[in-house]
Amino acid sequence: MKTRPLAPEFRTNLKQLLQGFAEHCEISERLAGRIEHPIYFHGFKFGSPVFTFQGPSSDGSPPRTIGLLAHNTPTSTVASDILLQLIEVATLRPEIAVDQIFRVLPVSDPVTLELGEEAPDLSGWPVLGYVLDQFRESVPDGLIEIRPTSGNSLVIGGTSDVRLFQVLASNVGKARGLPSPPLLSSFVPAFNTTRWHLEVEVPETWTQAGDVLAVSRFIGRVLETYSHLLGACRVKARRLS
């Protein structure tokens, strides 16, 4: 198979972003990473890896596939930092991903990551939208998208079933380490046949290591609690059948 490496002069920021992650996470049977959808811009190859984390199985049930997507901008990679930190949290505590597979795209726009303000305007560049849509379609059960914002609080909205909303509400009440309490915004009901989709806005000023870790742990607790709740529901359903 013919391969073409990423343009070395245009992957400096990607290498820097991944350096801390690579120092703490071992690519293993649980964690894999590869560039699934490279992007070519002016003849140069750009790309960002998609990481797949396989959580432990509790009872042999088919795992749910959850997508986590971070949107970087010319001035902020805080969302990317949060998802890379979440992978590290999951590596140290795989139980947060029981019966789940995490598919993580920590850099939504690798060209902007390298070129900053000189990157093309997204509205006139459909190839990037296609890549992101392909990633979204690869996660049938749930999706979390994280975006930087100029606000002062972590704001969560989107599409959620009743159980996930209950999990969010309970974790918001006991959030630890965040500069300010998370806020739940408007939600659209998700039914059993609908994938839930959370949209998380994180202040772009939350760049301190402690802030990034606190947000990643918050997301991890939500995923872990939701997984345990679904597992308990399955056990109860089997007992009643």
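In which sense do strand E8 (residues 155–160) and E10 pair, and over how many bridges? They pair in the antiparallel sense, over five bridges. The legends below take up this pairing and other sites in a predicted model.

**Figure 1. Overall view of the predicted protein.** The protein has six helices and ten strands. Its radius of gyration is 18 Å, which agrees with the value near 18 Å that a compact globule of 241 residues would have. Along the principal axes, the C-alpha atoms fill a box of roughly 60 × 45 × 35 Å. Buried residues make up 49% of the 241. The accessible surface comes to about 12300 Å². Carbon and sulfur atoms account for 54% of that surface. Many contacts span long stretches of chain: among those between residues at least 6 apart in sequence, 84% join residues at least 24 apart. The protein carries 22 positive and 25 negative charges. The mean positions of these two sets are 8 Å apart.

**Figure 2. Strand E10 and its two partners, E7 and E8.** Strand E10 covers residues 196–203. Six of its eight residues are buried, so E10 is largely enclosed by the rest of the structure. Strand E7 (residues 142–149) pairs with E10 in the parallel sense. Eight bridges make up that pairing. Within it, Ile146 has Val200 of E10 as its bridge partner. Strand E8 pairs with E10 in the antiparallel sense, over five bridges. Here Val155 has Glu201 of E10 as its bridge partner.

**Figure 3. Close-up of Val155 in strand E8.** Is Val155 buried or partly exposed? Its relative accessible area is 22%; buried means under 20%, so Val155 counts as partly exposed. Its bridge partner in E10 is Glu201. Beyond neighbours within four places in sequence, Val155 is in contact with Glu199, Val200 and Glu201. Leu183 and Ser185 are also in contact with Val155. Gln19 lies 136 residues away from Val155 along the chain. The C-alpha atoms of Val155 and Gln19 are separated by 28 Å.

**Figure 4. Strand E4 between its pairings with E1 and E6.** Strand E4 spans residues 50–54. E1 and E4 run antiparallel and are joined by four bridges. In that pairing, Leu31 stands opposite Phe53 of E4. E4 and strand E6 (residues 100–105) also run antiparallel, again with four bridges. In this second pairing, Phe51 stands opposite Val104 of E6.

**Figure 5. Pro38 in the loop between strands E1 and E2.** The loop lies between E1 (31–34) and E2 (39–41). Pro38 counts as partly exposed, at 33% relative accessibility. Which residues does Pro38 touch, not counting those up to four places away in sequence? They are Lys45 and Phe46. Glu23 is 15 residues from Pro38 in sequence. C-alpha to C-alpha, Pro38 and Glu23 are 24 Å apart in space.

**Figure 6. Two loop residues with positive phi, His42 and Asp99.** His42 has phi near 55°, a positive value in a residue other than glycine. This residue lies in the loop between E2 and strand E3 (44–46). His42 is exposed, with a relative accessible area of 68%. Asp99 has phi near 60°, also positive in a non-glycine residue. The loop that holds Asp99 lies between helix H2 (78–92) and E6. Is Asp99 buried or exposed? Asp99 is buried, with a relative accessible area of 3%.

**Figure 7. Leu86 in helix H2.** Leu86 is buried, with a relative accessible area of 3%. Which residues is Leu86 in contact with, leaving aside neighbours within four places in sequence? They are Leu68, Ile96, Ser216, Ile219 and Gly220. Leu86 and Ile219 are 133 residues apart in sequence. Their C-alpha atoms are 7.8 Å apart in space.

Technical notes
Residues are numbered from 1 along each chain as its sequence is written. This is a predicted model: local features need pLDDT of at least 70, side-chain atom pairs count only at pLDDT 80 or more; totals for chains, interfaces and linings use all residues. Side-chain values use heavy atoms; hydrogens and water are left out. Helices (H or I, at least four residues) and strands (E, at least two) are DSSP runs, numbered from the N terminus. The radius of gyration is taken over C-alpha atoms; the globule rule is 2.2 Å times the number of residues to the power 0.38. Buried means under 20% relative accessible area, exposed over 50%, partly exposed in between (1.4 Å probe, protein chains only). Contact means heavy atoms within 4.5 Å. Accessible areas come from the Shrake-Rupley method with a 1.4 Å probe; for residues, only the protein chains shown count as cover. Lys and Arg count as positive and Asp and Glu as negative; His and the chain ends are not counted. The place of a charge is taken as NZ of Lys, CZ of Arg, CG of Asp or CD of Glu. Two strands pair if DSSP finds at least two bridges between them.
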